[in-house]
Amino acid sequence: MNLKAFVRDINDFPQTGIIFKDITPLFNDPEALKAAVQGLSSLVNGKQVDKVVGMESRGFIFAPILATELNAGFIPVRKKGKLPYDTISESYGLEYGTDELEIHVDAISPGDKVLVHDDVLATGGTAAAVRKMVEKLGGEVVQCNFLITLEFLNGRDKLPGIEVASLLQY
Ligand code: AMP
């Protein structure tokens with residue numbers, strides 16, 4: 001199935017110069033949605049995964065589904081101030097702007113094998129910040145898994161030593 005047919009380019013969103021990859025048409029189509037879930041879980045290639053970490057907000061769409069497919073728990077990483085319990089945080093640079101992410105201090109047990117999932121890998125700042133937090137809590141990132149990688153932004157360079165996998169490349 002050609003999943004790229006369900007990804008829509010939106011020019012100059014959310015600011016001038018950004019070509020935003022809108023994946024809502026893919027969510028909207030039952031067959032494309034199913035194919036994306038199957039594709040993302042097969043990228044994991046049988047690795048043991050204890051926890052799937054998803055990043056707010058579009059990472060929240062596939063990460064819990066992947067967690068159920070992989071018999072793993074789901075951990076939300078949220079923007080600063082949204083998580084109710086004790087957190088650790090990490091600042092990061094985006095393709096557009098900077099922000100701060102948080103994770104609950106008890107979300108990961110030392111030695112947990114962690115799959116990090118987000119919809120798009122752009123500059124890699126978000127995933128690199130999540131990796132740092134997972135490692136601070138004693139987890140091991142076994143893969144960073146994306147629906148889309150924007151290869152021209154070289155986000156993989158910010159994730160040295162980590163396997164990066166994606167269904168669609170641009
Ligand atoms: P980055 O930290 O630069 O890798 O940015 C990744 C995060 O920003 C992801 O959570 C994406 O949802 C979002 N993002 C960045 N650039 C784009 C883009 N061109 N289209 C869609 N989402 C994007």
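This passage walks through the sheet, the helices lying across it, one lysine and a few backbone oddities. The structure is a predicted model.

A good place to start is the sheet. Seven strands line up in the order β5-β6-β4-β3-β7-β8-β9, making an open sheet of 7 strands with mixed pairing. What stands at the edges? That would be β5 (87-93) and β9 (164-169). Each of these two has a single partner strand, so one side of each is left without a neighbour in the sheet. Going from one strand to the next, the twist averages 25 degrees. Further in, β3 and β7 (residues 113-121) run parallel and are joined by 4 bridges. Gly54, for instance, has His117 in β7 as its bridge partner.

Next come the helices. Helix α3 lies across β3, β4, β7 and β8 (140-149), and its direction makes an angle of about 170 degrees with β3. Helix α4 (residues 125-136) also lies across strands, namely β3, β4, β5, β6 (98-104), β7 and β8, and runs at about 155 degrees to β5. A quick check can be made on the length of α4. With 12 residues at 1.5 Å a residue, α4 should span 16 Å, and its end C-alpha atoms turn out to be 17 Å apart, which agrees.

How many of the residues of α4 are buried? The count is 9 of 12, so this helix is mostly covered. The buried set is made up of Gly125, Thr126, Ala127, Ala128, Ala129, Val130, Arg131, Met133 and Val134. These buried residues pack against β3, β4, β5, β6, β7 and β8. It helps to recall that an α-helix has 3.6 residues a turn, so residues three or four places apart point the same way. Just after α4 comes Gly138, with a positive phi of about 95 degrees.

Now for a single side chain, that of Lys21, which sits in strand β2. Is Lys21 buried or exposed? Its relative accessible area is 9%, and because buried means under 20%, Lys21 counts as buried. The side chain of Lys21 makes a polar contact of 2.6 Å with the side chain of Asp9. Leaving aside residues up to four places away in sequence, Lys21 touches Val7, Arg8, Asp9, Val120, Ile148, Leu150 and Tyr170.

That leaves the backbone oddities, beginning with the loop between β1 (8-11) and β2 (19-22), where Pro14 is found. Phe13 and Pro14 are joined by a cis peptide bond, with omega at about -5 degrees. Asp12 is found in the loop between β1 and β2 as well. Asp12 is not a glycine, yet its phi is positive, near 60 degrees. As for its surroundings, Asp12 has 45% relative accessibility and so counts as partly exposed.

A second cis peptide bond runs from Glu56 to Ser57, with omega near -5 degrees. Ser57 belongs to the loop between β3 (51-55) and α3 (59-69). On the other side of that helix, Asn71 lies in the loop between α3 and β4 (73-79). Asn71 is another residue other than glycine with a positive phi, here near 55 degrees. Is Asn71 buried or exposed? With a relative accessible area of 72%, Asn71 is exposed, because the cut-off for that word is over 50%.

Conventions
Residues are numbered from 1 along each chain as its sequence is written. This is a predicted model: local features need pLDDT of at least 70, side-chain atom pairs count only at pLDDT 80 or more; totals for chains, interfaces and linings use all residues. Side-chain values use heavy atoms; hydrogens and water are left out. Buried means under 20% relative accessible area, exposed over 50%, partly exposed in between (1.4 Å probe, protein chains only). Two strands pair if DSSP finds at least two bridges between them. Axes are lines fitted to C-alpha atoms, for helices over the stretch in contact, and angles run from 0 to 180 degrees between N-to-C directions. Contact means heavy atoms within 4.5 Å. The expected span of a helix is 1.5 Å times one less than its number of residues. A polar contact is a pair of N or O atoms within 3.5 Å; within protein, one must be able to donate a hydrogen and the other to accept it, and residues adjacent in sequence count only if both atoms are side-chain atoms.
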